Amino acid sequence: MAMGLPRLVATAFTLTLVSIFLPLPFSLAGEITSIESVPDLQRLMYVAVDGYPCVRLLNLSGEIGCSNPGLSKVVAPIIKLKDVKDLVQPHTVLVTPDEMEDFFTRHVPLVSNDLSFASKIGGVLIESGSSFQQKLKGLSPDNMFPQAEFSPYGNVEYKWNPTASSIMWKAYNFPVYLLSESGMSAVHEFLSKKERKHKTYTSDVAEFSMVMETTKAGTHNSEACLQEGTCLPLGGYSVWSSLPPINVSSSNNRKPIVLTVASMDSASFFRDKSFGADSPISGLVALLGAVDALSRVEGFSNLKKQLVFLVLTGETWGYLGSRRFLHELDLHSDAVAGLSDTLIETVLEIGSVGKGLSGGINTFFAHKTRVSSATNKTLDALKVAQDSFASKNIKILSADKTNPGIPPSSLMAFMKKNPQTSAVVLEDFDTKFANKFYHSHLDDLSNVNSSSVVAAASVVARTLYILASDNKDTSSSALGSIQVNASFVEELLACLLSCEPGLSCNLVKDYISPTNTCPGNYAGVMSGEPSSNPYLGSVSDVSRFLWNFLAEKTSVQKGNTTSVCSKGSCSRTDQVCIKAESNKEGTCVVSTTRYVPAYSTRLKYADGAWTILPQNTSDSMGMVDPVWTESNWNTIGLQVYTVQHSAYDNAVLVAGITVTTLAYFGIMVAKSFITKALKQD
């Protein structure tokens, strides 16, 4: 017992010193927290932040987009842009949407000129929120003349997109994330906790996991990365369908074709936040609304013209879809069996039509490629369709003659291929884009008016009927029977332009089993061998939905039928199997609906790899084709957590050494005192 007493006294003395110098353990919330397992500790320390990354894209001449600068994660303290002054170390800059364009056009250019400033940007977080849309005059990261290199006319300096900043076409050697609503809440919660607790010895940091394979391999253009297998070409699958179905087995008595075109893909600064509500999805929804209305009209097989509907993807990235479609026509491939470019009499493209409503009137502008009898027929048909509505709330105007030509659209590819193409593109603008968020993450459902889309669908449906009948049956009764289902249009807008319900809506799930809920509307990449009968796992949700929808609406057999397809195939060659994903047994219908691969005409797939073909001087579009690719990556993620400053860690170390030293001397003094006391006893 005599030896135990000194130890007890010494231990008590040491604990007293420790309690004086060191605070109790604290959690991120500043409170003692019960931790029962390692996962509990991880959840306490690290918060995964939901968001949308800006990724690395490449072309033949270089790179655009974002990536971690090296081969490891980026960890940097978070600071609001308004608080940025003289940064001593790399920081994660928190930027609001109204600061975004100014940040990348005014502040970030310093990165390339000032290496000291470049080293101080660890990453960038962009806040989201619909509240910013109303006060922004515009935010478009694209160019003033998008894809001007494909223009069929010479005035490429024309400003179709006056709010453009061009920031999406530059390369940034730091990660950039658009925060989701939940991600923004998480980041603000971290920052507010620090402000409430006034903890100057801690920092809230963002950790970016966004290492691109092209950065690892040092492949900084499309040719190099395709050779090394560190990237994949942009592209996907376009869809076309005919009303009524075409007898592919016979080339006799083929009718002239009225081709109606829309696009399904968009782009933005952030890969998976590319809704493209007005540009171009409003046009796609208008086309589908028109097809739905026309599917209820009888007697199309007796009309003079053949209607063909074409929905393109990859148009944002060098008009991949339209150029490949035209190339497949030249090759007479299976993907376009039943079609011929010589039979295409006129083309009607439906562009941006979501912002046509103003003062109770839906106004749309018809931009024509050239003066021809076929073009005049289309313009006349639009006027007749306009006048057929008793409400008189739709107005079709010819575009300003002082415009340099047609606006950026798929028709540019048609015109470059054949300058004699007779075509009209219907838009909600005349001399410049009405969409101030063109190719921005802010071009979402709130940026379009469903009434405008319904009006566009209505006038297109009746126009197509007039053209198909060759102006033979334009009576008010015939046109009046063609009615667009407004509820269908509104439901489709919610399916394709929001995450709730998104692609999990009943309309889409009736046709396919979607792999994602949120429709990104980004073109994506070609992950396997292109085919007119592709492996469906390589086809996007939207493309598969469109294929099934168009196949049903343009089919001969509709409704209940005893012809089923349990394995996705039908016994007859003129039939296709629809709804095989959503039901255990699909339905066989007679329909001419096909997938068309959409990828650069400069690319060839062979032996499991992509190669770039030499330039062909006879292909003017191929000569300027950037050949876009997307870098591969292993993981992309973002998390935030709190760390102590190194100065505080050093102070704790010094305090610990001091406590240990004092404890040692205290023990020795106590031991000496107790020993003397015991001897006296």
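**Exercise 1. Find which strands pair with strand 19 of this predicted model, and in which sense each of them runs.**

*Solution.* Let's start with strand 17 (residues 361-368): four bridges connect strand 17 to strand 19, and the pairing is antiparallel. One residue to look up here is Phe365, whose bridge partner in strand 19 is Glu427.

Next, turn to strand 15 (residues 344-350). Strand 15 runs parallel to strand 19, and four bridges join the two. For a contact to check on screen, take Ile350, which has Leu426 as its bridge partner in strand 19.

**Exercise 2. Decide whether the faces of strand 19 are covered or open.**

*Solution.* Begin with the strand as a whole: strand 19 spans residues 423-427, and five of its five residues are buried. Now sort the residues by side. In a regular strand, side chains alternate between the two faces of the sheet. On one side of strand 19 you will find Ala423, Val425 and Glu427, and on the other Val424 and Leu426. Each of these residues is buried, so both faces are covered.

**Exercise 3. Classify the ring pair of Tyr511 and Phe549, and work out what the pair ties together.**

*Solution.* The structure holds 28 aromatic pairs, and this is one to work through. The ring centres of Tyr511 and Phe549 are 5.9 Å apart, which is within the 6.5 Å limit for a pair. Their planes meet at 70°, so the pair is edge-to-face.

Then place the partners: Tyr511 sits in the loop between helix 17 (506-509) and helix 18, while Phe549 belongs to helix 18, so the pair links parts 38 residues apart in sequence.

Finally, check exposure against the 20% cut-off for buried residues. Tyr511 has a relative accessibility of 4% and therefore counts as buried. Phe549, at 1%, is buried too.

**Exercise 4. Describe the lining of the second largest pocket.**

*Solution.* First, the extent: this pocket has a volume of about 740 Å³, and 33 residues line it. Nearest its centre lie Asn516, Tyr522, Gly524, Ser540 and Asp541.

Second, the elements: strand 12 (236-243) and helix 18 (541-553) are those that give two or more residues to the lining. Helix 18 contributes the most, with four residues.

Third, the chemistry: the lining comprises 14 nonpolar, 13 polar and six charged residues.

**Exercise 5. Compare the "transmembrane region" in the UniProt record with the model.**

*Solution.* An unreviewed UniProt entry lists residues 651-670 under this name. In the model, residues 651-670 are 100% helix and 0% strand. The C-alpha atoms at the two ends of this stretch are 28 Å apart.

Definitions and conventions
Residues are numbered from 1 along each chain as its sequence is written. This is a predicted model: local features need pLDDT of at least 70, side-chain atom pairs count only at pLDDT 80 or more; totals for chains, interfaces and linings use all residues. Side-chain values use heavy atoms; hydrogens and water are left out. On a 1 Å grid over the protein atoms alone, a cavity is a set of points where a 1.4 Å probe fits but cannot get out, and a pocket is an open set with protein on both sides within 12 Å along at least five of seven lines; lining residues have an atom within 4 Å of a point. Grid points are joined across faces, edges and corners, and a volume is the space filled by probe spheres set on the points. Ala, Val, Leu, Ile, Met, Phe, Trp, Tyr, Cys and Pro count as nonpolar, Asp, Glu, Lys and Arg as charged, and the others, Gly among them, as polar. UniProt positions are given in the numbering used here, feature names are shortened, and annotations may be inferred rather than shown by experiment. Buried means under 20% relative accessible area, exposed over 50%, partly exposed in between (1.4 Å probe, protein chains only). Two strands pair if DSSP finds at least two bridges between them. Rings of Phe, Tyr and Trp (its six-membered ring) pair if their centres lie within 6.5 Å; planes under 30 degrees apart count as stacked, over 60 as edge-to-face and the rest as tilted.
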